[in-house]
Amino acid sequence: MLSRGNWSGTVGFILASMGSAVGLGNVWRFPYITGQYGGAAFILLYIGCVLAVGIPIMLAEFLIGRKTQRNPVGAFRTLRPGSPWVVIGWLGVLSGFVILSYYAVVGGWVLHYVYLALTHSFAGKSPEQITALFVDMNTHSWLQIFWLGIFMLLSIVIVSRGVASGIEIGNRIMIPLLFVLLLGLLFYALQTDGAATGLEFLLRPQWHKLGPIAVLEALGQALFSLSLGMGTMLTYGSYLSRQTNLVRSACFVGIGDILVAILAGFVVFPLVFNFGLQPSTGPGLIFRTLPIAFAQLPAGYPVALAFFVLLSFAALTSAISLLEVVCAYFVDEQGWSRKKASWTLGIVIFVLGIPSALGEQFLDFMDGLATNYLLPIGALLIAVFTGWVLTREERKEEFGAGEISAFRFVCWSFLIRYVSPVAVILIFLHQLQLF
Ligand code: PHE
């Protein structure tokens, strides 16, 4: 049986949730998606999705987790025994496999860049040579598979030892450091000649570039970046005691996550325009842009190293939360030991990741499957379950004294009952070209 640890307190819990949320989604995915969908307008849409759909669903996941103290499958089984709602839990476990399989490939890219930074590989290189480094890595499949393996190994070792104290301590140091480093890079980026074009791209909305697909992408990105729709936050909430204020925690994590993503955008786009790159470069965007700055900075070596080391930590703390969902299910419901679960499932996910390492198209396909389908469907079901299946009393009762004001409870209930489900359904209907 999983020894159900507890976070040391509210700060530890918020940092762990922040560690899950802040990751490649913010620094790798957000800038390139924003680049592909034309900048400022997409960012506004994204912020709207986080506030109206993301934070209410995060609160729902925290609530269900804390109420049941179980993994996603166990949680829905406990709340509505024998009902089909347990499917939300299954879907979450499936999403864990799908997402981690390609997430770990990109995590492997980051590790490779730590190696490149360590070996002074950026110094004095031209933008073309920096781009060539990325292309070179992509054409050497064995290299990607090697780093994928290392990345999975690190995740397995941490999860097999139990995460509570390790993740907490790691996040306490790494998340603030990543923030400071991004601020430093921002300072540099804003002094380059590309700053004006970059800022215009990020601040002047071009609404005509937004189609229905962009809306779906913004929602998918919000769910992905906040680790929602597959029971990650539910699992983290299950290690909570009742003292923690869930509403404040959800707002804190949601807004912190937006800030890191936007900060990453403000670092990347001035550099993109400064060095004449295309904003719509795709998944390789940060790997092709940031090292160009590192190559030219006087203190490029330590900055590059620190950046990629911190990014790999941010990726790892998210990967751990993905592996944790899958493992918690096998430990809780199938009676596996934590060690057996983390090693067996970690190796399965490594194998599932190989096709993504072999071709960027497959990686894109898995990413689309997760962010356009699995997470939105999971989020929709969680919203409907919380808003319509749980009774008002069940929802209300889980909040402790003073945790949520009557007004906020009404607002949240409205968002989770109407706004979140309707938003997701409309987006799906639009995508199926039904209207
Ligand atoms: N939120 C993580 C990131 O932004 C990715 C993630 C998605 C983690 C879903 C857990 C669950 O990098």
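Which residue places a backbone N or O atom 2.8 Å from an oxygen atom of the ligand? The close-up views below, all taken from a predicted model, begin with that contact.

**View 1. Backbone and side-chain contacts to the ligand.** The residue in question is Gly25, whose backbone N or O atom lies 2.8 Å from an oxygen atom of the ligand. A nitrogen atom of the ligand lies 2.8 Å from a backbone N or O atom of Phe224, and a polar side-chain atom of Ser227 is found 2.9 Å from a nitrogen atom of the ligand. Of the 320 Å² of accessible area that the ligand has on its own, the protein covers 100%.

**View 2. The shell of residues around the ligand.** The ligand is surrounded by 15 residues, of which Ala21, Gly25, Tyr103, Phe224 and Ser227 come nearest. By residue class, the shell divides into six nonpolar and nine polar residues, with no charged residue in it. Four helices, namely α1 (10-21), α2 (24-36), α10 (212-225) and α14 (300-334), each supply at least two residues of this shell.

**View 3. The cavity that holds the ligand.** The space taken by the ligand is the largest cavity, and the helices that each contribute at least two residues to the shell around the ligand include α1 and α14.

**View 4. A salt bridge between two helices.** Side chains of opposite charge can pair when their charged atoms come close. Among the 10 salt bridges that the structure holds is the one in which the side chains of Asp367 and Arg29 meet, at 3.0 Å from N to O. Because Asp367 lies in helix α16 (residues 360-389) and Arg29 in helix α2, the pair ties together parts that are 338 residues apart in sequence.

Technical notes:
Residues are numbered from 1 along each chain as its sequence is written. This is a predicted model: local features need pLDDT of at least 70, side-chain atom pairs count only at pLDDT 80 or more; totals for chains, interfaces and linings use all residues. Side-chain values use heavy atoms; hydrogens and water are left out. A residue is near a molecule or strand if one of its heavy atoms lies within 4 Å of it. A polar contact is a pair of N or O atoms within 3.5 Å; within protein, one must be able to donate a hydrogen and the other to accept it, and residues adjacent in sequence count only if both atoms are side-chain atoms. Accessible areas come from the Shrake-Rupley method with a 1.4 Å probe; for residues, only the protein chains shown count as cover. On a 1 Å grid over the protein atoms alone, a cavity is a set of points where a 1.4 Å probe fits but cannot get out, and a pocket is an open set with protein on both sides within 12 Å along at least five of seven lines; lining residues have an atom within 4 Å of a point. A molecule sits in a cavity or pocket if more than half of its atoms lie within 2 Å of its grid points. Ala, Val, Leu, Ile, Met, Phe, Trp, Tyr, Cys and Pro count as nonpolar, Asp, Glu, Lys and Arg as charged, and the others, Gly among them, as polar. A salt bridge is a side-chain nitrogen of Lys or Arg within 4 Å of a carboxyl oxygen of Asp or Glu.
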